[in-house]
Protein chains: 2
Amino acid sequence: MPTRRELANVIRVLAMDAVQQANSGHPGAPMGMADIAEVLWRDFMKYNPGNPHWWNRDRFILSNGHASMLLYALLHLSGYPVTMDELRNFRQLGSRTAGHPEHDLDLGIETTTGPLGQGLANGVGMALAEKILAAHFNRPDLPIIDHCTWVFCGDGCLMEGISHEACSLAGTLKLGKLIVFYDDNGISIDGKVKGWFADDTPKRFEAYGWHVQSVDGQDGEAVARATASARSEADRPSMICCKTVIGWGAPTKAGTKATHGEPLGAEEVAGAKQAFNWTAPPFTVPAELQKAWSHTEAGRAAEDEWKQLYGRYRSAHPEAAAELARRLDGKLPADWSQTRKAAVTAAQAVTGAQATRVSSQATLNVIGIKLPELLGGSADLTGSNNTLQKISKAIEPGDAAGNYVYYGVREFGMTAAMNGLALHGGLIPYGGTFLTFSDYARNGVRMAALMHQRVLLVYTHDSIGLGEDGPTHQPIEHLNSLRLIPNLSLWRPADAVESAVAWCEAIEHESGPSALIFTRQGLAQMPRTPAALEAIARGGYVLADCTGAPQCVVIATGSEVALALEAVKSANARGKCVRLVSMPCTERFDAQDAAYRETVLPAAVTARVAVEAGSTGLWWRYVGSGGRVIGIDHYGASGKAPELFKKFGITADHVLQEILASIKGTVT
Amino acid sequence: MPTRRELANVIRVLAMDAVQQANSGHPGAPMGMADIAEVLWRDFMKYNPGNPHWWNRDRFILSNGHASMLLYALLHLSGYPVTMDELRNFRQLGSRTAGHPEHDLDLGIETTTGPLGQGLANGVGMALAEKILAAHFNRPDLPIIDHCTWVFCGDGCLMEGISHEACSLAGTLKLGKLIVFYDDNGISIDGKVKGWFADDTPKRFEAYGWHVQSVDGQDGEAVARATASARSEADRPSMICCKTVIGWGAPTKAGTKATHGEPLGAEEVAGAKQAFNWTAPPFTVPAELQKAWSHTEAGRAAEDEWKQLYGRYRSAHPEAAAELARRLDGKLPADWSQTRKAAVTAAQAVTGAQATRVSSQATLNVIGIKLPELLGGSADLTGSNNTLQKISKAIEPGDAAGNYVYYGVREFGMTAAMNGLALHGGLIPYGGTFLTFSDYARNGVRMAALMHQRVLLVYTHDSIGLGEDGPTHQPIEHLNSLRLIPNLSLWRPADAVESAVAWCEAIEHESGPSALIFTRQGLAQMPRTPAALEAIARGGYVLADCTGAPQCVVIATGSEVALALEAVKSANARGKCVRLVSMPCTERFDAQDAAYRETVLPAAVTARVAVEAGSTGLWWRYVGSGGRVIGIDHYGASGKAPELFKKFGITADHVLQEILASIKGTVT
């Protein structure tokens with residue numbers, strides 16, 4: 001039987017060779033963490049390479065994603081379908097061994113990492129998902145949900161602010177099955193970290209209420225003991241600080257930043273292999289080592305054992321089993337279409353002015369009771385975001401059988417944790433903050449979109465309409481800049497009905513996140529034909545029309561739809577023929593076929609006016625050279641909302657003026 | 001003489017009354033922190049209300065900016081030009097007492113706060129500026145730069161990740177004159193924080209190497225003792241954890257979230273006033289209290305004392321005094337125009353392919369030596385961002401006489417600290433990271449723009465051109481989404497010459513931040529007439545033209561200019577007449593007069609093609625209805641850069657096709 005060190009060296013060799021072959025990549029961290037990985041993946045982690053989708057597998061996250069060759073080597077060696085050819089094509093176009101790990105569950109890649117700190121926060125979300133689902137579904141002696149979340153992270157992850165947000169929350173919520181290995185190698189890209197990172201990290205994590213240990217990360221047995229101790233700690237998340245040497249084994253570069261992000265060079269690689277007594281050619285693993293690494297049989301046995309447990313569960317609790325299966329498959333309940341109908345019908349009954357954040361909450365109260373996988377939350381703005389349902393119950397350290405997370409003032413941590421919740425499966429997370437503070441979480445939103453995760457972002461206080469809190473809190477560029485994130489659907493509804501449809505569309509949209517944008521201030525309810533009601537889901541539709549070919553089309557979203565309608569009515573009353581298009585979701589409208597888009601925005605109508613209380617930039621695409629855009633391309637001000645709308649020209653009068661001027665412009 | 005408590009109650013009454021009058025605002029924190037503020041502003045802080053611009057004043061930051069009435073009350077009472085009428089008009093349009101404090105040095109408002117945690121990070125920047133300037137300019141027995149930075153913060157600030165980034169850095173850099181008061185009231189918007197924030201905060205800050213004390217924040221004498229102790233600690237930043245009661249004095253609501261963000265109500269206010277024995281009408285401060293609060297004379301005396309010191313300094317070190325005065329006034333050196341010329345000339349001498357990040361560094365090496373106020377740095381990507389100058393010297397805990405900050409992997413903390421450095425004055429900060437990770441710092445960038453601060457953001461690795469690191473690292477939407485931030489100038493130069501001009505323009509642009517966008521990959525040098533060279537500073541200009549009226553205009557930026565040029569040449573070789581416009585800065589181009597813009601982009605030419613390796617969204621405005629945009633509206637991939645450009649259609653061939661098709665489109 002090979003020694004731990006010999007087994008760890010396989011990872012080192014594969015990492016060196018793949019980076020050398022690609023002439024690009026990061027050998028240092030895989031070489032430094034190889035001993036830890038060997039212990040975890042061979043002695044502790046519960047997984048079945050033959051079925052990466054097994055619900056109750058342990059989750060493994062490489063938060064220091066640049067160490068991707070560590071993960072690919074582990075996946076290959078343990079038996080996941082990551083072939084040696086994939087390792088040979090590391091970082092090449094078309095390979096599945098990208099520069100940074102990209103979420104691909106078929107291969108065993110749980111999440112996309114690279115942007116530092118976020119993997120750790122994903123891990124917090126996954127551990128939280130496990131705790132919540134276990135609380136809801138496990139039965140006495142039938143712990144069918146019972147797994148750990150293991151995270152590798154580096155100095156970079158721990159310098160990032162998101163590590164504070166996520167780990168402070170994990171400590172508060174007592175996520176005892178979250179276990180983090182910190183690759184404490186003292187080196188980051190700029191060199192020795194002590195010049196810019198002098199934290200007493202063990203003490204910091206003790207301050208978060210974590211179980212903390214410090215070990216020699218190059219000593220497999222010591223790591224094994226610490227891992228066993230961490231796993232036996234039920235209440236507190238565990239941090240194992242592992243003193244390591246970056247690029248361990250490289251004869252002259254080990255312990256230096258030179259091993260971090262570039263190939264070691266042929267000579268250094270040869271020296272390391274010699275020290276390892278490694279004689280096999282590149283991309284060849286001696287059979288004995290390969291065999292010792294294979295987890296195929298052990299993994300199948302582990303899943304089989306669980307299957308027996310699950311079989312007993314299914315017999316004893318068939319309904320719960322079916323419900324859990326449905327949720328983990330990401331399928332909506334069979335009666336979802338009725339729920340959707342009920343939500344829209346309820347919204348249609350609203351008559352008076354209502355803030356869309358209130359409309360949103362009303363919809364939540366209709367759908368939430370029918371959709372128990374909805375897991376709500378807010379970054380400490382519950383009352384303002386209106387994210388609480390009547391049936392909401394807080395997740396507490398000692399009682400995870402709830403459906404609402406008080407995330408604290410941690411927008412980024414919340415978002416990345418929601419990504420982890422969604423990646424885990426079994427829950428559909430939604431979380432609120434003010435639209436302006438989407439900035440704090442922006443890369444987390446991007447990661448949700450990149451990973452195609454159903455994460456619902458509730459952003460209220462969506463314009464100058466929030467009033468007195470002033471320019472720091474008033475979004476200007478945020479609507480447009482969120483629309484620019486590929487694969488993010490942004491809905492900015494105009495009233496209660498559009499709010500209900502937006503929620504339902506977001507819930508049905510499985511392949512990406514949705515941003516749901518709501519007002520603080522009250523909005524009037526729009527009149528709507530059955531056809532218009534049906535068409536909301538198309539993202540843009542004719543809300544009000546004139547008889548005959550329109551001379552001008554007005555496009556508006558959210559709180560500006562009502563004032564646009566007023567302007568359109570005035571224009572039509574003056575004998576003009578003007579159409580109003582409500583455009584709650586530009587992404588969705590863009591995805592419609594050309595014929596539908598033409599029925600809404602006829603190419604022949606070049607007099608077009610767009611109005612939105614935010615940046616004008618993206619609207620030029622819809623109004624064209626002959627069009628006009630009413631918006632705000634500067635910061636707001638502190639004052640009463642109606643005064644601000646007037647001051648900044650977001651008024652029905654202004655829209656009317658632009659309608660008339662643009663019609664005149666077309667005629668002359 | 002009134003008691004401490006009586007003096008503190010003046011703040012409480014003003015806060016209650018102003019919020020009541022506005023029917024909007026946050027009374028809780030001002031009431032809870034009033035006792036601390038009284039101690040600091042009356043017994044410790046060094047300031048002169050008669051001259052808010054005094055260089056050597058202590059800086060005060062209200063990081064929990066929603067407590068704005070606390071600051072306004074202090075400014076009013078101590079003698080800054082914040083009138084009682086301004087307090088009466090709290091949160092009203094046109095008043096200078098906005099919902100959240102807005103940077104306005106004439107009033108004594110040091111920075112804009114509200115987005116939580118950032119004020120604290122601004123404070124780190126200010127304390128760092130003080131330490132650096134003191135190291136460079138103070139002489140034995142002539143400590144002309146010698147002041148403290150005082151920060152108030154709340155639970156929200158300390159939950160935010162940026163508090164970790166900034167405070168970890170402050171501990172490492174031993175910013176001993178930074179003193180933070182933590183309003184530990186146990187309440188945030190969602191209620192009692194223990195459910196979502198259970199940190200042992202003193203322990204956490206000890207882990208950062210801070211000097212930490214815990215006191216009863218309602219006990220003025222205890223606060224005074226702790227403050228004295230903090231001030232006497234030279235080496236470590238100080239955290240004073242103050243146990244307080246939110247809304248202290250409100251008879252039934254004190255200690256609850258009901259006092260946080262809404263008026264207390266007439267009855268509660270009356271009850272509090274009764275408890276305070278307060279009988280004066282609203283917005284009236286009894287003379288004895290007003291007199292005790294006034295800092296006008298004491299402030300003048302403090303500045304006068306410093307002036308004597310400064311006078312001796314000026315006599316002994318006239319050159320250093322003049323240099324410091326120049327820097328603190330934000331004026332560039334007298335020979336700046338020659339420096340600029342030298343930088344551009346050096347760039348013109350470059351012939352071969354060069355990554356613009358390398359061009360950027362070359363420019364830095366020319367200008368940095370002539371511009372000692374430049375303070376560089378990077379979020380742990382120094383070698384990749386090419387931000388190090390030949391003359392760069394690291395700021396170290398024990399030696400602040402340098403000009404380069406190793407910020408660590410802390411993009412947001414770096415950016416907000418740079419805002420603080422710029423706000424302090426005397427330094428022009430620049431800091432680098434990868435363009436993608438501008439996401440992490442986005443609200444800090446916004447705050448720089450909102451506050452009109454000269455902060456230079458160096459963003460390298462600006463497109464899929466970075467290659468193998470893959471989609472997490474490849475910016476797509478970032479160029480456009482940064483352009484959407486009002487008052488941010490984004491420069492994406494095409495070669496060495498444009499890079500040099502971009503740097504110089506950014507340095508000359510005093511009233512806002514600039515983002516300088518550079519490539520990882522090598523770019524060819526563009527041919528350029530003297531007129532074209534001159535016109536770079538206009539943001540968009542004709543780089544290559546044909547004879548006669550163009551049939552088509554191509555607009556390109558950065559790395560796409562070279563391939564656009566190739567396409568334009570091909571088209572012109574085929575007998576077409578096509579113009580190439582290089583558009584390094586759309587904001588600057590938009591600011592040119594209509595006549596200039598017409599000479600570059602003639603309205604008559606509707607066949608237009610824009611090309612940029614990023615989102616297409618904002619380019620429609622420039623190409624109009626008849627135009628075409630070549631860009632990337634989806635995520636990138638891991639692979640070699642040339643293969644990615646080909647795969648995603650960012651090629652000269654594609655541009656040529658679109659040129660020809662668009663000319664054809666115009667003709668038919």
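1. Two residues are in contact when heavy atoms of one lie within 4.5 Å of heavy atoms of the other. With that meaning in hand, one can look at the contacts in chain A between residues at least 6 apart in sequence, of which 78% join residues at least 24 apart. The reader should keep in mind throughout that this is a predicted model.

2. As to the general build of chain A, the model gives it 27 helices and 20 strands. Its radius of gyration is 28 Å, close to the 26 Å that the globule rule gives for 668 residues, so chain A is as compact as a globular protein of that length. Taken along the principal axes, the box filled by the C-alpha atoms of chain A comes to roughly 90 × 60 × 45 Å.

3. The next point concerns burial and surface in the same chain. Of the 668 residues in chain A, 68% are buried, and the area that the chain exposes is about 20800 Å², with carbon and sulfur atoms supplying 51% of it.

4. How far apart are the mean positions of the positive and negative charges of chain A? Chain A carries 61 positive and 69 negative charges, and their mean positions are separated by 4 Å. Side chains of opposite charge can pair when their charged atoms come close. Over all chains, the count comes to 66 salt bridges, and a few of them are taken up in the points that follow.

5. In chain A, Lys393(A) and Asp399(A) form a salt bridge in which the closest N and O atoms are 2.6 Å apart. Asp399(A) is partly exposed, with a relative accessible area of 31%, and Lys393(A) also counts as partly exposed, at 37% relative accessibility.

6. A second pair in chain A is the salt bridge between Asp545(A) and Arg579(A), whose closest N and O atoms are 3.0 Å apart. This pair links distant parts of the chain, 34 residues apart, since Asp545(A) sits in the loop between strand S16 (541–544) and strand S17 (552–556), while Arg579(A) belongs to strand S18 (residues 578–582). Are the two partners buried or exposed? Asp545(A) is partly exposed, with a relative accessible area of 39%, whereas Arg579(A) has a relative accessible area of 8% and is therefore buried, the limit for that word being under 20%.

7. In chain B, Arg236(B) and Glu233(B) form a salt bridge, with 3.2 Å between the closest N and O atoms. Arg236(B) counts as partly exposed at 33% relative accessibility, but Glu233(B), at 16%, counts as buried. Back in chain A, salt bridges that share partners join Arg4(A), Glu38(A), Arg42(A), Asp43(A) and Glu221(A) into one network.

8. Two residues deserve a look for their backbone angles. His452(A) has a phi near 60 degrees, which is a positive value in a residue other than glycine; His452(A) is found in the loop between helix H18 (442–450) and strand S12 (456–460) of chain A, where it is partly exposed, with a relative accessible area of 43%. Phe283(B), which is not a glycine either, has a positive phi of about 60 degrees. Phe283(B) lies in the loop between helix H10 (266–275) and helix H11 (287–293) of chain B, and it is buried, with a relative accessible area of 8%.

9. Where in chain B is Lys243(B) placed? Lys243(B) is in strand S7 (residues 238–243) of that chain, and it is exposed, with a relative accessible area of 54%. Not counting residues up to four places away in sequence, Lys243(B) touches Asp184(B), Val215(B), Asp216(B), Gly217(B) and Gln218(B). The C-alpha atoms of Lys243(B) and Gly186(B) are separated by 8.3 Å, although these residues are 57 residues apart along the chain.

10. The last point takes up Leu488(A), which has its place in the loop between helix H19 (478–483) and strand S13 (489–491) of chain A. Leu488(A) is buried, with a relative accessible area of 1%. Leaving aside its neighbours within four places in sequence, Leu488(A) is in contact with several residues, among them Val445(A), Ala449(A), Leu457(A), Pro513(A) and Glu587(A). From C-alpha to C-alpha, Leu488(A) and Ala226(A) are 41 Å apart in space, and they are 262 residues apart in sequence.

Methods: Residues are numbered from 1 along each chain as its sequence is written. Chains are lettered from A and ligands numbered from 1 in the order in which they are written. This is a predicted model: local features need pLDDT of at least 70, side-chain atom pairs count only at pLDDT 80 or more; totals for chains, interfaces and linings use all residues. Side-chain values use heavy atoms; hydrogens and water are left out. Helices (H or I, at least four residues) and strands (E, at least two) are DSSP runs, numbered from the N terminus. The radius of gyration is taken over C-alpha atoms; the globule rule is 2.2 Å times the number of residues to the power 0.38. Buried means under 20% relative accessible area, exposed over 50%, partly exposed in between (1.4 Å probe, protein chains only). Accessible areas come from the Shrake-Rupley method with a 1.4 Å probe; for residues, only the protein chains shown count as cover. Lys and Arg count as positive and Asp and Glu as negative; His and the chain ends are not counted. The place of a charge is taken as NZ of Lys, CZ of Arg, CG of Asp or CD of Glu. A salt bridge is a side-chain nitrogen of Lys or Arg within 4 Å of a carboxyl oxygen of Asp or Glu.
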